[in-house]
Structures are given as C-alpha cells and as structure tokens.
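Here are my notes on this model. Please read them with the structure open.

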4 protein chains.
Amino acid sequence: MSIEPPTDRSAYDFSHRIRVRFAETDAMGIVHHSRYLPYLEEARVEYLRHIGHPYHEIRAEGVDMAVLEAGVQYRQPLKFDDVVDVHVAMGPITRATFQMVYLLTVDGVVHSTGITVHGAVTPEGRPTRLPAWLRSFSNEAPGT
Amino acid sequence: MSIEPPTDRSAYDFSHRIRVRFAETDAMGIVHHSRYLPYLEEARVEYLRHIGHPYHEIRAEGVDMAVLEAGVQYRQPLKFDDVVDVHVAMGPITRATFQMVYLLTVDGVVHSTGITVHGAVTPEGRPTRLPAWLRSFSNEAPGT
Amino acid sequence: MSIEPPTDRSAYDFSHRIRVRFAETDAMGIVHHSRYLPYLEEARVEYLRHIGHPYHEIRAEGVDMAVLEAGVQYRQPLKFDDVVDVHVAMGPITRATFQMVYLLTVDGVVHSTGITVHGAVTPEGRPTRLPAWLRSFSNEAPGT
Amino acid sequence: MSIEPPTDRSAYDFSHRIRVRFAETDAMGIVHHSRYLPYLEEARVEYLRHIGHPYHEIRAEGVDMAVLEAGVQYRQPLKFDDVVDVHVAMGPITRATFQMVYLLTVDGVVHSTGITVHGAVTPEGRPTRLPAWLRSFSNEAPGT
C-alpha cells in the first residue's frame, strides 16, 4: 500500500451509493469495522462495470483478482440506514498488481478511507499478468 | 421441515461449543438473527466429523450437501462473549434428503432451536442420492 | 410460522431490488444460505419506509421489532452479481406479533421464499404491544 | 499504523486458535478477505482476557475500544476447515491509542499478517484516555 487515499471527492472518478443494513451494525450501535471491506468490494465491482470491464468478463478471460492487502481508516462511524457514497479511483499499477483507493462520505462528510491491493491470479490461484486493458489503464483514465 | 426440535438436551447426540464474537452482535446489543445459521453449520460440520464423516471426505466422494430449508426460533437473545452449546441430532432421512435439528443453550438455559433440511448434490449442483452411510444412519444412531 | 409464502409475485404488495455481493457467496459458488436473512431484512426495512413507517420512527417511539422466528426455503441458488427482487407482504398480525412473507425472484424466476415472525419489544427487550398502525394494518392494506 | 507485524511467531506473546467456517469462504474457494478482521477481533478479545482484562470489565469501566484503523496482508489463502493460529502482540501505545499486531499461521506456515489501531472512547463515542493498565502496558509486558 504505497499511497494515501485522498479525502477530496474530486480526486475520484466514480462513486457508488450503498445504504447501511441493520445486519451490518454491531453492539456499539455502529457499522462493524469488518463490514467496510464488502462496501469497498461492491463499489469496486460497480466501478469495473462502469469502465466496461464487468467482473464476469474478467473471470471469463481466466483471471481472478485476488486481494493482496487491504486497509481502512475509520474517521466517523457509519450507522444503520446511512446512505454512503463510496468514491473509487485507480491507484498505482504494476505488471502484476494494482491498487484502488476509496473515500466513504455521508451527505458529503468524510467518514472513512480505504485502500486495496490486487493481483491477477489464474483460477488455480497462481499469479499471472494483469489483463492488457488494466496494465494500460493509466493511459486511458482522464486525469489520473 | 417436518419435525419440531426438542428443547430437552438429552434428545441430542452431540454438542459443540461456540463463543459469541463481537462481530456477530447488532445495534440491538444481541447476536443478529442471521448469525445463528453459521453456528448451526459449524456444529453440523463438527457433528459429521464426530460420526466419522468429515465434510472434506464427503466432498471428496463427489457429494455436496445443499441446504434446502432452514428455520430458527429465537427464544432468548445471545450476547457478546456468551458461551453457546449447540446440540445437534439427525432428523428424518429420505432417499435424497436429511434433516438436522439443533438446540442452543447457554449455561443449560434454552436460547434457540433450529432445523435444517439438506439434499445431496453433485459438484455441478444437480440432486443425487445420499451417501449410503447417511441413508442407513437411522440404523446406526442409538435411540433415534 | 403459520402460513406458506406464495410463489406468485402478484400476491405481494412491494418489491425491493438487491444485487448479490461477491462477499455473500461461498465455496460452493453460490450465495451462502445465511446471507438470505439480511436480504429479507433489507427488504423489510424498505417496505416499512414505503408504507410510511421508517424503522427510525418506530424505534423513536420506543419500539424495537425483535425477530422471533425465521425460515427460508432455497429453491434455486443465487449467484454473484444476480439482481434479486425481494417481494414482501404482511402476513397474520396478532396483538403482540406480526409475520412477513418474502419471495425472491431473478428475472421473474422463483429462487427462494421466506417468512419472519416479529414481536414488539421495549429497548430493554421486554415484549410490548405492537404500534396501533401495525395492529390495524390488515384494514389498511389493499387486497391483504 | 506505524509498525510492520513480524512474521516470526516468537515475537508474539499469545496465540488463539480458530477453525475456518464454511460460511466464511467465498466463490474463489477461500476465506473472503473481509472475514479476517473478525478473526483478529476474536484473538484480541481472548488476549485481553488472557492478560486479566476481559472486554466486559473494560466496558464496565465505561470505556469502549473503537477501531481507528485496520490493515491486513494476505499471503497464502485460508480454506474451509483450516485450523488457524492467530498470534497477537501489543504494539505502540500513546496516551489515547494503542496498536496490536497479528500473525496468522496454519501448521506453522505464515498465511497473513494484520494490524489494528484502537482508541478509547466513552459509551457516547467520544475519545477518552486509555485505562491506566493499558497506558503502562509497555512496562508490564516481558520482552516488548
């Protein structure tokens, strides 16, 4: 994890809206810290669909995206029924890995940031090269 | 689901102990109702191991145990750090399905009952016959 | 659980759409059976909002809706990225409890049915009477 | 997160054993990456009990331990039924925060490392000072 996720929404290309489920809260009355990672994942899946590479197509090409690292910073708690905007942007890309950064806001207020590092693997779980479209992503994305 | 799980512990062959995780609680301060099903599953897996049929061996024989139905009755809430005894017994068995019943107690006090109905399926998800040891289970189990 | 959920969509008043998260799948490649209950809950919360009684308002009146029983029938598996319509209808209502029934479809095809039984409790967890609007619900709902 | 979790088991004071549930796997056939955080939490709770400060007592003193940051590195996947040893050690402690580091091994082989940063908060969620026993922890712990 070589970068710090920006807390300025304008640094992100895409956002996806999620409403907090009661099942995601814990006895402290807030969303349990482990429940943020599925939010990041859901936003990541929607982002890939948005840029024309739905996850099913990536898998159909024989590539899975293993999560190598994940980190979350919890700044303001999320509560049941909160409407969360998960902002997503692509981070640094290498031959075999890429990073994504996330900003979670509620009504424009920063609640959390996150980062995930991914590697391409074969269906058997062996590391492989990233798909070409992803390796060249830095050239495609406006302003990145 | 053709039977009612008994609330008398002596009706069960086996029990497995689970301590409630904080991550399993919700904003009502109790274990979320969806979190009981993984408890039943964990106890079921231990029960199958106990009777000499660990799940890995069952799968190695090309059979998966799909869950066809599940029901839970919530009588007393479970709380963080509670030590729960999940009592398990085999219920009615047909050519292609079997039922299991569960009783959850804390310090001997009944908190919940549950029932699951399972069917044998191939790795592709198609229904198949139960393994022979399971079909003949009613003969093996003392007092069932 | 005194009723059987209908499998005909026209029997339901309301439906809510949920897309399956990858985090909800299991090693059989399908949605884990415990993950349906949060789908039912999310649809229930949206249904209550739809009929003018958002859950926050119910709680603000000092009433929590404890889950007393839940049951799910799994007919066709759900898979990652499936778009699921969760159809919801109110079932039988007593002085202190109410039931809700659910039908899960994907592209109009029945995948699952469910039922939950709820009781009104105080914030301390003691049973209390249902709110008046809920006790009189059978009169309000067209066609129920 | 100011430190790197060691991958040498001897650097950890305590370990707690967890068996992977089927419910924690995903459609890639491995434990979903979000499911590691509850493992760390379960081990943290057992560690606090082990050093004489069970979580219930900490909360009874009016202090909750909010998670401020969490990070996990996934080196080797975990699979259903794996028996995981979660090694735990206290990391740097400040007036208001403390860090914990984790090493996950299966049969002695490193599978994952993790780190969590915690802050003491009041039941209302406001930051407060760490309990005295925790602030002085660095003096108590042999070899830290």
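1. Conventions. Two strands pair if DSSP finds at least two bridges between them. Helices (H or I, at least four residues) and strands (E, at least two) are DSSP runs, numbered from the N terminus. This is a predicted model: local features need pLDDT of at least 70, side-chain atom pairs count only at pLDDT 80 or more, and totals for chains, interfaces and linings use all residues. Residues are numbered from 1 along each chain as its sequence is written, while chains are lettered from A and ligands numbered from 1 in the order in which they are written.

2. Strand 2 of chain C. On one side, strand 2 (residues 64-74) of chain B pairs with strand 2 of chain C, antiparallel, over five bridges. There B:G71 has C:G71 as its bridge partner. Within chain C, strand 2 also pairs with strand 5 (residues 109-121), again antiparallel, over 10 bridges. C:A70 is bridged to C:T116 in that pairing. Eight of the 11 residues of strand 2 of chain C are buried (20 or more other C-beta atoms within 10 Å of the residue's own, C-beta atoms being placed from the backbone), so the strand is largely enclosed by the rest of the structure.

3. Chains A and D. Sixteen residues of each chain are in contact (C-beta atoms, placed from the backbone, within 7 Å). On the chain D side, helix 1 (36-50) and strand 2 (64-74) each give two or more residues. Strand 2 of chain D has the largest share, nine residues. By class, this side has nine nonpolar (Ala, Val, Leu, Ile, Met, Phe, Trp, Tyr, Cys and Pro), two charged (Asp, Glu, Lys and Arg) and five polar residues (the others, Gly among them). Strand 2 of chain A runs antiparallel to strand 2 of chain D, joined by five bridges. One of the partnerships is A:E69 with D:Q73.

4. Symmetry of C and D. A turn of 180° and a shift of 0.0 Å along the axis lay chain C on chain D with an RMSD of 0.0 Å (least squares on C-alpha atoms of residues with pLDDT of at least 70 in both). That is the relation of a two-fold axis. The same surface serves both copies: 100% of the contact residues of chain C recur in chain D.

5. Helix 1 of chain A. What span should its 15 residues have at 1.5 Å a residue? The expected value is 21 Å (1.5 Å times one less than the number of residues), and the end C-alpha atoms are 21 Å apart, which agrees. The helix is mostly covered, with 11 of its 15 residues buried. A:G52 follows the helix, with a positive phi near 90°.

Technical notes
Contact = placed C-beta atoms within 7 Å. Buried ≥ 20, exposed ≤ 12 C-beta atoms within 10 Å, placed from the backbone.
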